[in-house]
Every structure is written in structure tokens, then in C-alpha cells.
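User: I would like to go through a structure with you, one question at a time. Please give the reasoning and end each reply on the value or name I ask for.

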Amino acid sequence: MSTEYISFLDHQGKYKGIRSWIFATDHKRIAFLYMYAIASFFLVGALLGLLMRIELISPGETIMKPQTYNGLFTVHGIIMIFMVVIPGLSAVFGNFFLPILIGAKDVAFPKLNLFSWWLFMLGSMMAIASQLLKSGPPDTGWTFYAPYSTTTGTNVIAATTAAFILGFSSILTGLNFIVTVHRMRAPGMKFFNMPLFPWAIYATAWIQLLATPVVGITLIMLIAERLFGIGFFNPDLGGDPVLFQHLFWIYSHPAVYIMILPAMGVITEIIPTFCQKKVYGYKAIALSSLAIAGVGFLVWGHHMYTSGMSEQARWFFSLLTFIVAVPSAIKVFNWISTMYKGSIDMKPPFVFALEFIFLFMIGGLTGLILGSVATDIQVHDTSFIVAHFHYIIFGGMGFAFFAAIHYWLPKMYGKMYNFKRANIAAVALFIGFNLLYFPQFIIGVQGMPRRYFDYPPRFQWAQITSTIGGFILVSALILMITNLIIGVRRGAKAPANPWNGTTLEWQIPSPPPLENFDEAPIVKENPYDYK
Amino acid sequence: MSEHITHVEEHRDDEASKLGMWLFIFTELLLFGGLFLVYSVFRMQYPANFHEASLELSVTIGAINTVVLLFSSMTIAMAITAIQKKNKKLTLRLISVTVLMALIFLVNKYFEWGHKFEHGLYPGSDLMHLLERGHHLYFSLYFFMTGLHALHIIVGMILLIICYVKVSKGSITNDRFVFLENGALYWHLVDLIWIFLFPLMYLIS
């Protein structure tokens with residue numbers, strides 16, 4: 001560490017005050033911009049979710065009208081999917097740590113990176129505007145299924161334009177990361193010397209790049225359908241609504257892997273650090289990320305078993321869905337094997353990582369129930385689906401985000417938070433989460449449809465349990481965030497390497513200097529070398 | 001915080017810029033890919049209608065436009081060679097020819113579209129909704145795909161004009177011309193998409 005070390009937080013550039021942030025091209029500052037925006041959207045989305053839970057506490061109208069409820073689940077979906085979980089890990093921690101982990105000073109195109117953030121904010125503002133404009137919030141669900149989306153009077157055009165812009169931002173981020181991994185690795189770092197988080201981000205970036213344009217053009221077709229009646233999705237004019245579903249899921253299934261792959265990458269960083277043990281099966285984990293990205297493109301049909309597809313297509317998509325579970329399982333087995341005979345340290349990031357594995361396994365295994373045609377048709381469009389994807393997206397990506405922030409916050413801010421409160425929050429989140437979503441599996445099998453604001457009284461026990469879980473979850477979230485804020489404001493100064501990690505981010509001071517590495521980083525052959 | 005102040009030496013990596021452009025081109029291909037997918041679905045469904053509707057288009061104008069674009073791809077490729085040989089004047093001239101070709105393409109397109117509009121054939125028109133289903137879908141696709149392509153022509157033209165300014169100001173030179181190369185790559189993409197659009201729209205039998 002040189003004597004004239006200045007952290008990126010204290011560095012004075014061309015601009016002062018807020019402009020030194022919103023016009024920053026430093027990848028670390030951009031990561032912070034994304035983080036604050038995404039955290040705010042997440043809280044709004046969570047509050048909307050809580051409102052839905054309150055509505056469902058008793059049958060019939062409780063606090064809102066059916067149309068309000070339709071608007072709410074659509075907004076909740078649009079915010080959470082397009083503005084929180086798709087950018088989430090890759091825009092925040094990918095931006096901050098991808099360059100550092102591969103020993104680079106920045107991403108390949110810093111200005112493009114800033115432009116992506118501005119696009120992201122523009123898209124987000126449009127999405128919010130679509131809720132407030134006078135025709136009323138869209139009520140299609142976040143999937144915008146035709147033909148309803150082409151005929152409803154609500155602000156579908158504003159919402160789809162927003163989704164298109166957000167998609168474009170995501171494409172540019174992916175493009176930036178691919179070029180960064182190819183061109184910016186430190187001298188001596190080959191692909192198979194990279195840590196596994198960059199591997200996951202790299203695989204994710206390919207999905208962002210190749211899948212997003214398809215949904216982009218599909219949303220434009222939907223807009224043209226509404227404006228001009230081009231007829232692609234209108235059976236009256238010879239079109240086919242199922243075609244919309246195909247085009248939509250060609251992107252939106254891979255998008256699920258945009259959400260979960262970086263989460264897996266985070267967990268793969270945390271587990272070796274807190275077991276002080278070399279990661280088990282490095283190459284298998286690295287290549288399974290690419291395998292998930294590749295096979296993930298070919299399974300979209302499993303969202304559409306009941307929409308009208310040939311028998312052959314259905315069993316083929318089913319087979320591919322089972323195949324895509326294999327690389328995910330490889331990762332889980334490798335994480336467990338890494339822990340075996342390791343010296344395990346139950347610090348908050350590791351607690352979150354363990355919770356991730358548990359929740360992700362429930363999500364993954366129920367995914368297989370949905371992947372097989374016969375059982376899927378029974379539970380299609382029930383709350384079983386709702387529970388499944390919340391276990392994957394919230395239990396998976398969400399908990400991985402919490403794990404990541406507890407793992408890397410000391411590096412990002414140079415401050416440490418209170419472990420005890422963080423652990424209490426982690427356990428409370430886990431309890432609240434399972435109370436909230438597990439009952440939905442049960443009543444889903446019994447026939448509770450999703451997206452309904454009303455239900456027969458026999459489902460009430462589960463809905464009440466879920467709502468209680470929802471309140472515990474939100475309280476735990478508040479506790480966790482408060483603890484982190486207190487840590488950043490008044491916490492003890494964090495050392496450069498608080499967890500005794502081996503990857504490159506722990507070789508530099510906390511918070512990192514402007515160009516990350518004042519001295520050239522030392523690249524090891526295996527990034528997880530704990531000897 | 002500008003790079004120029006904080007970075008001691010300016011970071012320059014032409015390979016990275018070109019890789020970035022290629023990746024962007026992939027996304028453009030997939031954007032059009034969605035439309036080609038829709039096209040193939042409906043053409044399978046209404047082969048006879050698609051053939052009949054395609055007879056409404058002028059193969060002559062389409063063929064002229066194809067030649068125009070192919071020629072422009074050649075001139076922009078020549079411009080890159082010219083800048084490498086330090087011939088600034090020739091480079092500028094070749095870029096101008098390329099932009100001129102793009103303009104000719106757009107003028108032809110304008111007349112083609114204008115002709116259809118005069119007959120009441122445009123997206124959302126009353127006539128469109130009276131057409132047979134296959135004809136309706138064909139013309140929807142025609143306007144959608146050629147319209148999106150024309151938009152890309154315009155973007156490409158803007159890029160080429162920026163190239164022109166940069167060459168004349170001397171910020172694109174014989175040893176730093178990656179911007180011109182990327183502009184040309186994008187222009188080839190626009191050309192390539194047309195090479196597929198032309199037979200799919202004009203030459204259906």
C-alpha cells in the first residue's frame with residue numbers, strides 16, 4: 001500500500017457533489033448508483049407485495065378493489081423483475097467486483113457503462129410513469145400476454161417501452177462485461193485462473209446480450225399491434241397469440257438465468273472463504289455456468305405446456321428442462337463438497353449462503369415438478385408457481401444479494417457492520433420467507449389460482465400464515481438494512497482482508513483506490529489457494 | 001470524474017472496440033431474428049397469400065436498392081484501405097459516396113412506400129383490414145421489417161457522417177481508424193440484413 005493512497009470515495013475528480021456520482025465513469029461509483037436505485041425500487045416492490053398480502057388475509061374485498069389488485073401484481077412484477085432482479089447482482093456487484101477480481105482498472109468501456117445506468121434510470125422512470133398516467137396502471141401481469149395486452153385500455157405502451165429501454169441497458173452492460181473479461185484480465189490471468197464470480201458474470205453477460213434483443217423486438221411488435229393493428233398476435237387478422245408467448249419466453253426464460261447465475265457466482269466466492277478451503281471442482285463450476293447459459297436458451301416451452309403445443313414439443317422441452325437442472329445440481333454438490341472438512345466460520349455472509357442453498361434447493365426441486373408435463377398441467381397458474389419462482393428468485397437471487405452485500409460491504413465502504421444483528425436478521429428473514437411462501441405450495445396443489453384477489457375460505461389458514469410471514473420478512477429486512485446503514489455510518493474501520501479471502505479484491509485497501517491496483521496484482525494459478 | 005484527468009495514460013484498445021462492435025452486431029441480428037421468425041411462421045401458414053402479395057412490390061426498385069447497398073459496402077471498405085494508405089482526400093470522397101448511396105436507397109424506399117400509401121396501403125389503414133389474412137400479415141411484416149431496416153440505414157448514415165467529420169478533423173488517421181472500421185462494420189450489417197430482406201419480400205415464388 002503506497003503512502004498516497006486515496007480511496008475512490010474520497011477522490012476528487014472533475015465534478016463535485018452529486019455530479020461527481022451521476023457523471024462518474026468509475027465502475028465502483030456506477031455500482032453504487034445502481035445499488036441505491038435498485039435498493040429503493042426493491043423496497044417499493046416489497047411494500048406493494050405486502051399490500052397484496054394484506055388484501056389476501058381474508059376472502060373477498062379486504063382493502064382494495066379487484067382492478068387495483070390486478071394493477072398491483074403487475075407493478076410488483078415489473079418493478080421486481082425488470083428493475084430489481086435482472087440488473088441486481090450483475091449491475092451492482094458485477095460492476096464493482098468483476099474488474100477487481102480479474103485485476104483490471106475498470107470495465108472496457110467506462111462511458112458506455114455510465115450510459116447504461118442512465119438508460120436504466122430512464123426506463124425505470126418510464127415504468128413508474130406508466131403507473132401514474134391517466135389510463136391507469138397496466139393490468140396484464142409482467143408477462144404482457146397477448147391478446148389481452150393488445151386490447152386492455154391501460155398504459156401497456158408506456159410499460160413495454162420502459163421494459164424495452166431497461167432491456168437495452170441490460171444488453172449494453174452485458175456487452176461491456178464480455179469485452180472486459182476478454183480484454184482486461186491482468187497479465188498472467190488466463191480464463192481458468194479467473195475466480196468463479198467473473199465466470200458467472202461472463203456467462204450471464206452472454207445471455208443478456210443474446211436473449212434480450214428478442215424480447216425487445218417482441219415488445220415493439222406488441223406496441224405496433226396496439227397502435228396499428230399489425231395482426232401478428234390477433235387471431236381475427238390471421239395472427240397467433242401463442243406466438244407472442246413463444247417470443248416472450250425465448251427471452252424470459254433465459255432471463256431467469258440472468259437472475260440466478262450471478263447469485264450462484266456470489267455463493268461460490270463466499271463458501272471457500274468461510275471454509276478456508278480450496279473450492280471443490282473449479283472447472284466443473286466454471287463450465288456449468290456456461291452450460292446453464294447455453295441449455296437455458298432451449299427450455300422456454302416449459303412455460304407453455306397448457307398453451308397448445310404438440311406432444312413432441314412438450315416432451316422435448318420437458319427433457320431439456322430436466323437437463324438444465326444437471327449443471328445447477330453440479331454447483332450445489334460442489335458447494336457442499338467444498339464445505340466438507342473445511343474450517344467453517346459462521347459469519348453473516350456464510351449464514352446467508354447456507355440459507356441460499358436451502359431455499360434454492362426447494363425452488364429447484366419444485367421446478368422439476370413444473371418441468372414434467374403431467375404434474376405441471378395440474379399446478380399450472382396456481383400459487384404453486386408463485387411459491388416456486390419466489391423460492392428461486394427471492395430465496396435464490398435475493399438471499400444471494402444479501403449474502404453479497406454482507407460479504408463485500410467492508411470492501412466497498414471500508415466499514416464493518418454488527419455481526420450479531422446481521423445474524424438475527426438473517427435468521428428472521430429465513431423464517432419469514434418460509435412462512436410466507438411454503439403454504440402457497442400446499443394450497444397451490446389444492447387449486448388456489450395465482451393472480452386472484454379472492455379465494456374460498458378453506459384456503460384462509462394458508463393466506464393468514466403467509467401474511468404473517470410477510471410481516472416478519474419485511475421487519476427482518478428493515479432490521480438488516482438498518483444494521484448495514486449503522487455499520488456504514490458508525491461502524492468500525494474494516495481491514496483490507498477481514499475474511500482472510502484469497503481473491504484479488506482482498507489484496508487492495510478497503511475501500512479500493514480509484515484505479516483499484518496501485519501495484520500490479522499478484523495472479524495465482526488457482527484463485528482459491530488457502531495453503 | 002473524467003478519464004482524461006484521472007488516467008495517467010489514456011487507455012486504448014482497438015481490439016476491444018471491435019469486439020464490442022461485433023457483439024452489438026449480434027444483438028442487432030437477434031433483433032431482426034425475432035422478425036424473421038415471425039415471418040417464417042406466417043409464410044408457412046399462408047404460402048399462397050405471401051406469393052400473391054409479394055407481386056405488388058416492384059422487383060426493379062428492390063434490385064436497384066440491393067445493388068446500391070452492395071456498392072456502398074464496397075466504397076466504405078475502400079475508405080478503410082484509403083485511410084490506411086494515408087490518403088485523406090480519397091477517404092473523404094469514398095465516405096461521401098457511401099452516404100450518397102444510403103440517400104439514394106432511402107429516396108427509392110420513399111417512392112416505394114409513398115406509392116403504397118397513395119393506394120391506401122399502410123399500417124392501420126382501412127384497406128389493410130379488408131385484405132385477406134395472409135395479405136394483411138405480409139404487408140404488416142413488409143412495413144415493419146423494411147421500416148426497421150430504414151431506421152438502421154439512418155443510424156448508419158449518422159455514424160458515417162460522424163466518421164466523415166472525424167476524418168476531416170484529423171481524429172481518424174492511418175494509425176487510429178477503429179471508429180471508421182466500426183462504422184463500416186455497422187454499415188455492412190445494414191447491408192447484410194437487406195440481402196436477406198430482398199429475396200424474402202420481393203422474390204417469393
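User: Is Phe144(A) buried or exposed?
Analyst: This is a predicted model, in which local features need pLDDT of at least 70, side-chain atom pairs count only at pLDDT 80 or more, and totals for chains, interfaces and linings use all residues. A residue is buried if 20 or more other C-beta atoms lie within 10 Å of its own, exposed if 12 or fewer, and partly exposed in between, with C-beta atoms placed from the backbone. Phe144(A) has 25 other C-beta atoms within 10 Å, so Phe144(A) is buried.

User: Where is Phe144(A) found, and what is its phi?
Analyst: Helices (H or I, at least four residues) and strands (E, at least two) are DSSP runs, numbered from the N terminus. Residues are numbered from 1 along each chain as its sequence is written, while chains are lettered from A and ligands numbered from 1 in the order in which they are written. Phe144(A) is in the loop between H5 and H6 of chain A. Although Phe144(A) is not a glycine, its phi is positive, at about 50°.

User: Which residue does a cis peptide bond join to Ala146(A)?
Analyst: The partner is placed in the loop between H5 and helix H6 (148–151) of chain A. Omega of the bond is about 0°. The residue joined to Ala146(A) is Pro147(A).

User: How far apart are the end C-alpha atoms of helix H5 of chain A?
Analyst: The expected span of a helix is 1.5 Å times one less than its number of residues. For the 23 residues of helix H5 (residues 110–132) of chain A, that gives 33 Å. The value in the model agrees with this, the end C-alpha atoms being 34 Å apart.

User: Which residues of H5(A) are buried?
Analyst: The list begins with Pro110(A), Asn113(A), Leu114(A), Ser116(A) and Trp117(A). It also includes Phe120(A), Gly123(A), Ser124(A), Ala127(A), Ser130(A) and Gln131(A).

User: What is the omega of the peptide bond from Ser510(A) to Pro511(A)?
Analyst: Pro511(A) lies in the segment after helix H16 (460–490) of chain A. The bond from Ser510(A) is cis, with omega near -15°.

User: Asn500(A) is in the segment after H16 of chain A; is Asn500(A) buried or exposed?
Analyst: Asn500(A) is not a glycine, yet has a positive phi of about 55°. There are 12 C-beta neighbours inside 10 Å, so Asn500(A) counts as exposed.

User: Which helix of chain A has the highest mean pLDDT?
Analyst: pLDDT is the predictor's confidence in each residue, from 0 to 100. Chain A averages 93, and 99% of the residues score at least 70. Among the elements of chain A, helix H1 (residues 19–22) has the lowest mean, 88. The highest mean, 97, belongs to helix H15 (residues 419–446).

User: Which residues does Phe433(A) touch, not counting residues up to four places away in sequence?
Analyst: Phe433(A) is placed in helix H15 of chain A and counts as buried, with 23 C-beta neighbours inside 10 Å. Its C-alpha is 7.2 Å from that of Gly470(A), 37 residues apart in sequence. Two residues are in contact if their C-beta atoms, placed from the backbone, lie within 7 Å. On that basis Phe433(A) touches Leu359(A), Phe394(A), Gly395(A) and Leu473(A).

User: Which residues touch the most other members of the largest nonpolar core?
Analyst: A nonpolar core is a set of buried Ala, Val, Leu, Ile, Met, Phe, Trp, Tyr and Cys residues joined through C-beta atoms within 7 Å. The largest has 217 residues. Ala404(A), leaving aside neighbours within four places in sequence, is in contact with Leu89(A), Phe93(A) and Val266(A). The residues that touch the most other members are Ile178(A), Val266(A), Ile267(A), Ala400(A), Ala403(A) and Ala404(A).

User: Which helix gives the most to the side of chain A that touches chain B?
Analyst: The contact takes 36 residues from chain A and 30 residues from chain B. Elements giving two or more residues to the chain A side are helix H7 (156–183), helix H8 (196–228) and helix H9 (241–275) of chain A. With 10 residues, the one that gives the most is H8(A).

User: How many helices does chain B have?
Analyst: Of the 205 residues of chain B, 36% count as buried. The C-alpha atoms of chain B fill a box of roughly 65 × 35 × 25 Å, taken along the principal axes. Chain B has 0 strands, and its number of helices is 8.
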